[in-house]
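Colleague: Before we go through this model together, could you show me how to read its features one by one, with the general idea ahead of the particular case?

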Amino acid sequence: MTDPETALPMLRRITSTGARLAIDDFGTGYSSLAYLQRFPLHGIKIDRSFVADMATREPSHAIVRSTVQLARSLGLNVVAEGIEDQQTADALRTIGCDLAQGYYFASPALAEEIDPLLRGSGGTIRGAE
C-alpha cells in the first residue's frame with residue numbers, strides 16, 4: 001500500500017480470478033478513503049481500536065457508525081474486529097454491520113477444530129463450550 005500505482009494492477013489481476021478483497025484494520029495505518037474509490041475492493045474490516053469501546057464511548061460509536069454507512073453507500077461489506085461483549089455485538093447489529101469477529105463469538109482455534117463446525121458435524125471451539 002506504500003505504492004498504490006504498483007498495487008492497483010496487481011489487485012485488479014487478483015480480483016479477476018474471483019477473489020474478494022477487503023482492507024484490514026480500516027481507519028489505521030496505511031488505510032485511506034482514497035483507496036475505497038481507487039481499488040477493486042469488496043469490503044473493509046474496521047479496526048478493533050474503534051470497535052472495542054464503541055458501546056461506551058460516543059466518539060468511537062460515531063466513527064464506527066459513519067464508517068459502516070460510508071461502506072454501505074459504496075456497496076462494500078463491513079466486518080467489525082474485536083467484539084468482546086454482548087453490548088458491542090448489539091450496537092453493531094443496530095447500525096447494520098454485516099459481520100463481526102472477536103472473542104465474544106469464539107477464541108482463536110486450530111483448523112482441525114473449526115472444520116467439524118463448518119461441515120455441520122458438531123465439535124466445539126476452545127473457550128466457546
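Modeller: Let us start with a side chain at the surface: Arg-93 counts as exposed because its relative accessibility is 56%, where exposed means over 50% relative accessible area, buried under 20% and partly exposed in between, with a 1.4 Å probe and protein chains only. Please keep in mind that this is a predicted model, in which local features need pLDDT of at least 70 and side-chain atom pairs count only at pLDDT 80 or more, whereas totals for chains, interfaces and linings use all residues. Residues are numbered from 1 along each chain as its sequence is written, and side-chain values use heavy atoms, with hydrogens and water left out.

Colleague: With which residue does Arg-93 form a salt bridge?

Modeller: A salt bridge is a side-chain nitrogen of Lys or Arg within 4 Å of a carboxyl oxygen of Asp or Glu. Arg-93 forms one with Asp-90, and the closest N and O atoms are 2.9 Å apart. Both residues belong to helix α5 (residues 86-95), where they are three residues apart, about one turn of the helix; helices (H or I, at least four residues) and strands (E, at least two) are DSSP runs, numbered from the N terminus. Asp-90, with a relative accessible area of 32%, is partly exposed.

Colleague: Which residues are joined into one network by salt bridges that share partners?

Modeller: Asp-24, Lys-45 and Glu-81 are joined in this way. Within the network, the side chains of Glu-81 and Lys-45 meet at 3.5 Å, N to O, and this pair links distant parts of the chain, with Glu-81 in strand β3 and Lys-45 in strand β2, 36 residues apart. Glu-81 is buried, its relative accessible area being 9%. The structure holds eight salt bridges, and another of them is formed by the side chains of Arg-65 and Glu-58 (3.7 Å, N to O).

Colleague: How should I read the sheet, and in what order do its strands come?

Modeller: Strands of a sheet pair through backbone hydrogen bonds, either parallel or antiparallel. Here, four strands form an open sheet in the order β1-β2-β3-β4, with parallel pairing, and two strands are taken to pair if DSSP finds at least two bridges between them. Because β1 and β4 (99-101) stand at the edges with a single partner strand each, one side of each is left without a neighbour in the sheet.

Colleague: How many bridges join β1 to β2, and which residues are partners?

Modeller: Three bridges join β1 (residues 22-26) to β2 (residues 43-46); among the partners, Ile-23 is matched with Ile-44 and Ala-22 with Gly-43. On the side of β3 (residues 77-81), β2 pairs over four bridges, and Gly-43 stands opposite Asn-77.

Colleague: Which rings form an edge-to-face pair?

Modeller: Rings of Phe, Tyr and Trp (its six-membered ring) pair if their centres lie within 6.5 Å, and planes under 30 degrees apart count as stacked, over 60 as edge-to-face and the rest as tilted. By this rule there are two aromatic pairs. In one of them, the ring centres of Tyr-104 and Phe-105 are 5.1 Å apart and the planes stand at 75 degrees, so the pair is edge-to-face. Tyr-104 is partly exposed, with a relative accessible area of 33%, and Phe-105 is partly exposed as well, with 40%.
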